[in-house]
Each structure stands twice: as structure tokens, then as C-alpha cells.
Amino acid sequence: QLSCLLKMVTLHGIPKDLDSYPRDLLLFLSPSDYAATGSCSQFFMEIGEANVDVLPRESPRRKQLLLEALACLKVPGTQINEENAEILGGLVCDLGGEYIRSSGGNLLKELSQCGSFLPDQEEAIRDVITSGNTTFGPPAAWSAFTLSDLSGLIPVFGHSILQQIPR
């Protein structure tokens with residue numbers, strides 16, 4: 001439905017008020033098409049706030065969006081800073097374990113919004129958390145506020161991490 005809506009909306013070119021349409025619509029638009037109305041980083045900021053789960057996790061379109069976002073943001077290697085993590089939004093759910101490890105705690109807040117993880121992502125999240133080298137510190141220093149921030153990651157923690165968290 002969104003794909004059809006996009007065809008109707010863009011029948012006579014990209015409308016100037018494209019930002020007033022649902023963000024999920026942008027999932028079917030390419031950054032080069034959007035360039036007429038804004039920058040690629042603005043495009044991916046909008047995409048990051050869209051429901052990327054509208055596209056199947058392993059779909060070519062979703063993979064292409066992530067690759068284009070990383071290129072647009074000029075992400076060097078596999079390390080993503082907090083600002084870029086915020087721009088990527090829901091697209092961080094598709095980053096592999098190497099990105100999660102290299103980025104330290106920079107992705108944890110966004111990752112906590114993901115619905116599910118692949119095994120290599122889960123392992124990387126546990127590695128980052130057990131390292132304690134995040135803005136949240138080691139699990140032994142966490143508060144209820146920290147757990148609230150990372151609530152979406154709790155199923156990934158595992159027994160060894162959970163038992164370190166103070167009651």
C-alpha cells in the first residue's frame with residue numbers, strides 16, 4: 001500500500017511537502033529522489049524514525065537503505081558515533097555484531113527499540129555490556145533508570161549479566 005501511495009504522490013515529481021507525508025512512505029523512496037527536498041542525512045533521519053519493520057528484515061530494500069545510510073553519513077569502518085546512531089534510528093536493528101562491538105555503547109539506546117536480534121547481534125550486545133565501557137557503566141552500577149533505558153535489551157542479557165545488576 002505504501003509503495004502504491006508513493007507512486008501516486010510522486011506521479012508528477014517529488015512534492016515539496018514530502019515531509020508532511022507518513023515517514024513510512026520514505027522507505028520506498030531513494031535518497032537521490034529525496035535530494036531535491038533535503039540532504040541525505042535529513043532523509044535518513046526521517047527514515048530512522050519510520051517503522052523499518054514495514055520492510056522484511058532481510059529484504060534487499062532494507063539492506064540497501066542501511067548501506068546508503070552508512071555511505072551518506074560517511075561512517076568510517078564499523079564504528080558509529082552517538083549522533084549517527086540517532087540518525088540511523090530503526091536502521092541500527094540491521095547492523096551486524098561487528099558494528100555493535102566497534103561502536104561500544106553508542107548503539108545501545110537505539111538497539112533497545114528493536115523487536116528482535118540475530119544471534120551475532122545478541123552476542124555483541126552482551127560483549128559490549130559486560131565490558132562496562134559504556135555511558136551506562138558496568139551492570140553492577142546500574143539503577144532502575146538504566147534498566148528502563150535498556151529495557152528492550154533485557155531478554156538478551158542472559159543470567160550472567162542479570163545477576164550483576166543490583167536489586
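## A tour of the largest pocket and a helix pair

Start by selecting Lys63, Leu66, Asp94, Leu95 and Gly96: of the 15 residues that line the largest pocket, these lie nearest its centre. Keep in mind as you look around that this is a predicted model. The pocket in front of you holds about 230 Å³ of space.

Next, colour the pocket by the elements around it. Helices H4 and H6 (97-102) are the elements that give two or more residues to the lining. Select H4, residues 60-72, and you have the largest share of that lining, five residues. Now switch to colouring by residue class: the lining of the largest pocket shows seven nonpolar, two polar and six charged residues.

Stay with H4 and bring in its partner, helix H3, by selecting residues 40-48. Two packed helices are described by the angle between their axes and the distance between the axes. Here the axes of H3 and H4 come within 9 Å and cross at roughly 135 degrees. That angle falls outside the range over 145 degrees that counts as roughly antiparallel, so H3 is oblique to H4. Turn the view to look through one helix at the other, and you can follow H3 passing H4 in a left-handed crossing.

For the last stop, show side chains where the two helices meet. On the H3 side, pick Cys40, Ser41, Phe43, Phe44 and Ile47; on the H4 side, their counterparts are Leu65, Glu68, Ala69 and Cys72. Sorted by class, this contact of H3 with H4 has seven nonpolar residues, one polar and one charged.

Notes: Residues numbered from 1 in each chain as written. Predicted model: local features only at pLDDT ≥ 70, side-chain atom pairs only at ≥ 80, totals over all residues. Heavy atoms only, no water. Axes fitted to C-alpha atoms, helices over the stretch in contact; angles between N-to-C directions. Helix = DSSP H or I, 4+ residues; strand = E, 2+ residues; numbered from the N terminus. Parallel < 35°, antiparallel > 145°, perpendicular 65-115°, else oblique. Left-handed = near helix turned anticlockwise from the far one by under 90°. Contact = heavy atoms within 4.5 Å. Nonpolar A, V, L, I, M, F, W, Y, C, P; charged D, E, K, R; others polar. 1 Å grid on protein atoms, 1.4 Å probe; cavity = no way out; pocket = protein on both sides within 12 Å on 5 of 7 lines; lining within 4 Å. Points joined across faces, edges and corners; volume = space filled by probe spheres on them.
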